[in-house]
Every structure is written in C-alpha cells, then in structure tokens.
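Visitor: I should like to examine this protein model with you, one question at a time. Please reason from the model to each answer.

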Amino acid sequence: MADLRFGDQGLINFTPLMTLMPRVENMLERMGIFSVDFTDEDKVEFERIEIGYDEMYAVARGADRQVAGDNQAKTAILRMPFFTLDKIIKPKDVHALRAFATATDPETVQSKAERVIARVQKSHARLHQKIMYQALKGSTWAQDKDGNPVPNLQKTFQSMFDVADADMYNGAAGGAKSYDLTDAASNPADEFEKVRKHVIDKAGDEGDNYEIVAVLGSDAFTALKNHPDFVEAYANYASEEEPLRRRLGGLANNRVLRWQGVTYVEDISGEIPTDEGYFFPRGFDEMFQLMYGKSDTIDAENGDEEISEAYLYVTTERRRQIVESEASIVAVNTRPELVAHYTFTV
C-alpha cells in the first residue's frame, strides 16, 4: 500500500489507490463478455440494433436499381445508478490499540486507513459482481438497503427494448424452463440443443463466430456431470481443460466441461442459485455492456476529474479522517432474447 500522507491539503483524491490492490474480477468479467464505456452524463442511451437484409433479384442493365432498406434501432435511456460507501476514523479508533497480525506494533491512522481502503475495494468488487450477474439474469441492478428494486433504476431488458414474449426462450417474459437432470432416460444434450437452435434463429445473420456458454449453479453442474450421458465426456475431458480455461479468462476454481457445442461452467459466486443455470452466446459485440459514470464532485462537474470505475477520497480534519468512496455503474444486455434461463431438478 502506498504511503498515505495528506500534506497541507484537507481533501485529496485517492482514487489511484483503488488500483494499487487490483479488484478481483468475477467470473463473468473474466469471460470478457462485457464491453466497457464511460460517460459524463447522468442519463445514458443504450441501442439495440437489429441488422436486416434485402432480397436481391436480377434485372437488365439500365433498369431501375434496387434500394436497400434500413437497420432497425431501439434506444433505451437509463438514469445512472449511484452507490456510496464511507468510513469515519476517529482518534478513539486507534488509541491504545495494536495493529492487526502484530504483537506490539501500535495501530495508527495510516494503518487503519489502509484496512478501510482494502475493505472498500472488496465491497466495490462485490457490487460489480451483483450488477453483472443481474444483467445475465435479465435486468439492471439498483436496490435499496432493504433489497427492494429502486423504481426507474432497476428495469428488465425485455421491457426496455420491447422484446416480444414470443422471441424470448421458452416464449415467456423472464420465464425459466424446467428440466430434470436426474432423469437418466432424457439426454441433457438434446434438451440444450434447443437453446443453441434458438440462439441461431434469433441471432439472424449477425455471424457465427460465437459459442454457447452455460453458467450453472454447483448442484446443477454436479447433476449434469453425473448424468449417464455426460459421465464419459467429463471423464475424458482433461486434455482440453487448460486451453478451455484460458479461453474463458483463466477460471481456476470453477469446473468446466465442453460437450456438443456447449461450454458448461460451474458458478461458485452464489449469485446463481445452485439448481439453476443461464445459457448465452459468448462473442456477440455490444450485447453485454458496462457503463461507468462520473463522481458526485465539483471536479467532475467541471470536467477536471477522469471518469473511473470507482472513486476514493480522504478528508483529514483535526479530530477525524473521512474516507469516502462511490461508483456510478450500470450493466445492460441489449439482446435478452438470446439468454435462456433454466431451473433444474438435481
């Protein structure tokens, strides 16, 4: 940790300290499915572009020429959610105390501030994880202290982009499809082939350079790998394991299996229930988007502060030191119809 000297100024921007102990990336972030952008606006626009095509037919030279149509775009406007986390350090918090993990070293304001900053970083990492996983589940994440969605901030992507129920997997708004992974007579690969075909159908002509990824809760992954139709595939998987892990961003603790065109990844974050799973295409540009906004400071309003993933400020006063942190962040999926949600019998 860098030396925390406060000099003669009462307020110092310590946002660079947020990068001294790098934030631990969550699994979805390591997969690289989110494009990242920054904005200095309180409201931000997200576009869903549907690329069509035109039939071409033969004509004689000199005849009237054909006219191409236009792509369709749907714009959704969101107000940027804002999150804060502060801590006040008073003299009594360090008086006559020893530093953590030491026998005699006295606690100081600096050592206390370092631990506060480390805790703040972990909290911001947790926030990122919640926001990204909620995007996979189908909506933005903006909840109050009681866990209730904040009106006009937490919205479903299907409603934002006016996606018809018929275009969603299983033909329902956010509806999960049920499947029994304990049924030895039913081949899971045949069931999940329906997801692959659905993605191909709804993706249209936007390319075939993508793979289908299934993020499964731990119990669902275990039930899948123990299914008679998957046992042999999983047992013979070791030779491909490391290349696959590297392709998915270096997953370490998560179990991974690729079979018949689908990559199955175990989720251990706790964000996905252990008996559920989400299927989606990995490789679509601008499908999952992560947007960061400005801080709530005078410097930000004047354009003197660079937009960052998170912000950290330390104010030193005679009788207290104030650590303030904040973030303005939203994650969006512009193609919610390409995500399939399952609940499993395990």
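Visitor: In which sense do strands β7 and β10 pair?

Guide: This is a predicted model. Strand β7 covers residues 211–217 and strand β10 covers residues 276–282. Val-213 stands opposite Phe-280 in β10. Over 6 bridges, the pairing of β7 and β10 is antiparallel.

Visitor: Which strands lie at the edges of the open sheet?

Guide: The sheet has 6 strands in the order β6-β14-β10-β7-β9-β8, with mixed pairing. An edge strand pairs on one side only, and this applies to β6 (177–180) and β8 (256–259). From one strand to the next the twist averages 25°. The edge strands are thus named by their one-sided pairing: β6 and β8.

Visitor: Which residue of β14 stands opposite Ser-178?

Guide: β6 and β14 pair over 4 bridges, and the sense is parallel. Strands of a sheet pair through backbone hydrogen bonds, either parallel or antiparallel. Opposite Ser-178, in β14, stands Thr-343.

Visitor: Which side chains of β6 point to the buried face?

Guide: In a regular strand the side chains alternate between the two faces of the sheet. Along β6, Ser-178 and Asp-180 point to one face and are not buried. The side chains that point to the other face and are buried are those of Lys-177 and Tyr-179.

Visitor: Which residue in the turn between β8 and β9 has a positive phi?

Guide: β8 and β9 run antiparallel and are joined by 4 bridges. Trp-259 stands opposite Val-262 in β9. The two strands form a hairpin with 2 residues between them, and the turn residue with a positive phi, about 50°, is Gln-260.

Visitor: At about what angle to β7 does helix α5 run?

Guide: Helix α5 comprises residues 218–225. This helix lies across β7, β8, β9 (262–267), β10 and β14 (340–345). Relative to β7, α5 runs at about 115°.

Visitor: Within what arc do the buried residues of α5 fall?

Guide: The buried residues of α5 are Ala-220, Phe-221, Ala-223 and Leu-224. They line one face of the helix, because, seen down the axis of α5, they fall within an arc of 165°.

Visitor: Is Arg-48 buried or exposed, and which side chain does its own side chain contact?

Guide: Arg-48 is found in strand β3 (residues 43–50). Buried means under 20% relative accessible area. Arg-48 has 6% relative accessibility and so counts as buried. Its side chain makes a polar contact, at 2.9 Å, with the side chain of Glu-337.

Visitor: How many residues apart in sequence are Leu-28 and Asp-267?

Guide: Leu-28 lies in helix α1 (residues 27–31) and is buried, with a relative accessible area of 0%. Not counting residues up to four places away in sequence, Leu-28 touches Ile-33, Phe-34, Met-132, Tyr-133, Leu-136 and Val-215. From C-alpha to C-alpha, Leu-28 and Asp-267 are 9.5 Å apart in space, while their separation in sequence is 239 residues.

Visitor: How far apart in space are Gly-32 and Arg-282?

Guide: Gly-32 is found in the loop between α1 and β2 (34–38). Gly-32 is exposed, with a relative accessible area of 56%. Gly-32 and Arg-282 are 250 residues apart in sequence, and their C-alpha to C-alpha distance is 8.5 Å.

Visitor: What is the value of phi near which Asn-170 lies?

Guide: Asn-170 has its place in the loop between α3 (157–160) and β6. Its relative accessible area is 40%, so Asn-170 is partly exposed. Phi of Asn-170 is positive, in a residue other than glycine, and is near 75°.

Visitor: Near what value is phi of Glu-286?

Guide: Glu-286 lies in the loop between β10 and β11 (288–292). With 46% relative accessibility, Glu-286 counts as partly exposed. This residue other than glycine has a positive phi, near 65°.

Visitor: What percentage of the residues of the protein count as buried?

Guide: The protein has 8 helices and 14 strands. Among contacts with a separation of 6 or more, 72% are accounted for by residues 24 or more positions apart. The accessible surface comes to about 18800 Å², of which 47% belongs to carbon and sulfur atoms. Of the 346 residues, the share that counts as buried is 43%.

Key:
Residues are numbered from 1 along each chain as its sequence is written. This is a predicted model: local features need pLDDT of at least 70, side-chain atom pairs count only at pLDDT 80 or more; totals for chains, interfaces and linings use all residues. Side-chain values use heavy atoms; hydrogens and water are left out. Two strands pair if DSSP finds at least two bridges between them. Axes are lines fitted to C-alpha atoms, for helices over the stretch in contact, and angles run from 0 to 180 degrees between N-to-C directions. Contact means heavy atoms within 4.5 Å. Buried means under 20% relative accessible area, exposed over 50%, partly exposed in between (1.4 Å probe, protein chains only). A polar contact is a pair of N or O atoms within 3.5 Å; within protein, one must be able to donate a hydrogen and the other to accept it, and residues adjacent in sequence count only if both atoms are side-chain atoms. The arc is that of the directions from the helix axis to the C-beta atoms. Accessible areas come from the Shrake-Rupley method with a 1.4 Å probe; for residues, only the protein chains shown count as cover.
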